[in-house]
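The following exercises are to be worked through with the sequence and the model at hand. Each task is followed by a solution in steps.

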Amino acid sequence: MKISLFAINEMIPFVTGDEHSPQRSGPQLVKFFNSFGARDIYDELGLPDIGKKNGQRPSRKQYVEARLNDFSGSPEFRGLLNTIINEFDNKEASIKSLTEILLPEKYSIIEVKGSFNIAGGVVDRRKPVVNEAHFQDIQNQILAELDNAKISIRVIMAWFTNEDLFSKLLEKSKQGVDVQLAIYDDGVNKKHGVDFSQLPHVMIKRGKKGGLMHDKFCVIDNQIVITGSYNWTNNAEFRNDENITVEKDPDQATRFSLEFKRLTT
């Protein structure tokens, strides 16, 4: 959890207790921050040196500001603030004031079973979704994505006559990648298509609605989807205006994997 310098400055009275009790003395402030990982000592000269000029020791406000800055962004910061909130003597008024500071920072305060906690700002550690559109050199874009496959490849294609793409699928299969195909069962693929017998495949005579099986997509490792107008054919590569998108999105890949299963069972 990380907040702005402005919010830290506004929060200082909540920690010192000068405006929102309980008030904390210098030794109590040192003990409080040490409980969250600081290594400070309150000695005969007062609060610990935080780098002030002429060796002067900081005021309580200056010390709290320095330590809040140190903790902001750390895993301990949320727990530190939660402790402060739950120690307020006048919780209703203090929480209302603190909420006004935290809301612009995208945080709020919630009550769970009588305990108050800061909500929001949870770190999303998922990889970001990436969508890449391609209109030129599409074959090489597909080959590059296939080359990185580690676990599985699912291809469902209306028309498939491109030997280079098929050779890459064979190569990945020999490397242990689970490659499965679903191809439209028509005269073009029978006459000009590649030798599908070399890989596990399903020939689809009609789409589920009774018309063409017109899908064109590939799912790699259930993480990446390649889809668009582009059939895996020589005409698509060398004669037609085509497009694909490469969608690096596990949720989207799962949707396409389920569609592959629906169309092939």
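Helices (H or I, at least four residues) and strands (E, at least two) are DSSP runs, numbered from the N terminus. The model is a predicted one, in which local features need pLDDT of at least 70, side-chain atom pairs count only at pLDDT 80 or more, and totals for chains, interfaces and linings use all residues. Residues are numbered from 1 along each chain as its sequence is written, and side-chain values use heavy atoms, with hydrogens and water left out.

**Exercise 1. The sheet**

Task: Determine the order of the strands in the open sheet and identify its edge strands.

Solution:
- Step 1. Two strands pair if DSSP finds at least two bridges between them.
- Step 2. With this criterion, 7 strands form an open sheet of mixed pairing, in the order E3-E9-E8-E7-E4-E5-E6.
- Step 3. Strand E3 (130-134) and strand E6 (201-204) each pair on one side only and are the edge strands.
- Step 4. On average, and with direction ignored, neighbouring strands of this sheet are turned by 10° against each other.
- Step 5. Strand E7 (residues 216-220) and strand E8 (residues 224-228) run antiparallel and are joined by 4 bridges. Within E8, isoleucine 226 is the bridge partner of cysteine 218.

**Exercise 2. Helices on the sheet**

Task: State which strands are touched by helix H10, and across which strands helix H6 lies.

Solution:
- Step 1. Contact means heavy atoms within 4.5 Å. Axes are lines fitted to C-alpha atoms, for helices over the stretch in contact, and angles run from 0 to 180 degrees between N-to-C directions.
- Step 2. Helix H6 (residues 138-147) lies across E3, strand E4 (152-157), E7, E8 and strand E9 (244-248), and runs at about 25° to E9.
- Step 3. Helix H10 (residues 250-264) packs on the sheet and touches E4, strand E5 (178-184), E6, E7, E8 and E9; the direction of H10 makes about 120° with that of E7.

**Exercise 3. The nonpolar cores**

Task: Locate the largest nonpolar core and name the residues that touch the most other members.

Solution:
- Step 1. A nonpolar core is a set of buried Ala, Val, Leu, Ile, Met, Phe, Trp, Tyr and Cys residues joined through side-chain atoms within 4.5 Å. Buried means under 20% relative accessible area, exposed over 50%, and partly exposed in between (1.4 Å probe, protein chains only).
- Step 2. The largest core has 33 residues, of which Phe33, Leu68, Leu80 and Leu98 touch the most other members.
- Step 3. At least two residues each are supplied by helix H1 (5-16), helix H2 (26-34), helix H3 (60-71), helix H4 (77-86), helix H5 (91-102) and strand E2 (115-119). H1 gives the largest share, 6 residues.
- Step 4. Leaving aside residues up to four places away in sequence, leucine 80 touches Phe32, Phe33, Phe36, Leu68 and Phe71.
- Step 5. Ile153, Val179, Leu181 and Ile220 are among the members of a second, separate core of 29 residues.

**Exercise 4. A helix pair**

Task: Describe how H2 and H3 pack, and state which residues make the contact.

Solution:
- Step 1. Two packed helices are described by the angle between their axes and the distance between the axes.
- Step 2. For H2 and H3 the angle is about 5°, and the axes are 11 Å apart.
- Step 3. H2 is therefore roughly parallel to H3; angles under 35 degrees count as roughly parallel, over 145 as roughly antiparallel, 65 to 115 as roughly perpendicular and the rest as oblique.
- Step 4. Gly26, Leu29, Val30 and Phe33 of H2 meet Arg60, Tyr63, Val64, Arg67, Leu68 and Phe71 of H3.

**Exercise 5. Backbone exceptions**

Task: Find where lysine 106 and asparagine 222 lie, and state which residues the cis peptide bond joins.

Solution:
- Step 1. Most residues other than glycine have a negative phi, and most peptide bonds are trans.
- Step 2. The cis peptide bond, with omega of about 10°, joins serine 21 and proline 22. Proline 22 lies in the loop between H1 and H2.
- Step 3. Lysine 106, in the loop between H5 and strand E1 (108-112), has a positive phi of about 75°. Lysine 106 counts as exposed because its relative accessibility is 69%.
- Step 4. Asparagine 222, in the loop between E7 and E8, has a positive phi of about 50°. With a relative accessible area of 30%, asparagine 222 is partly exposed.
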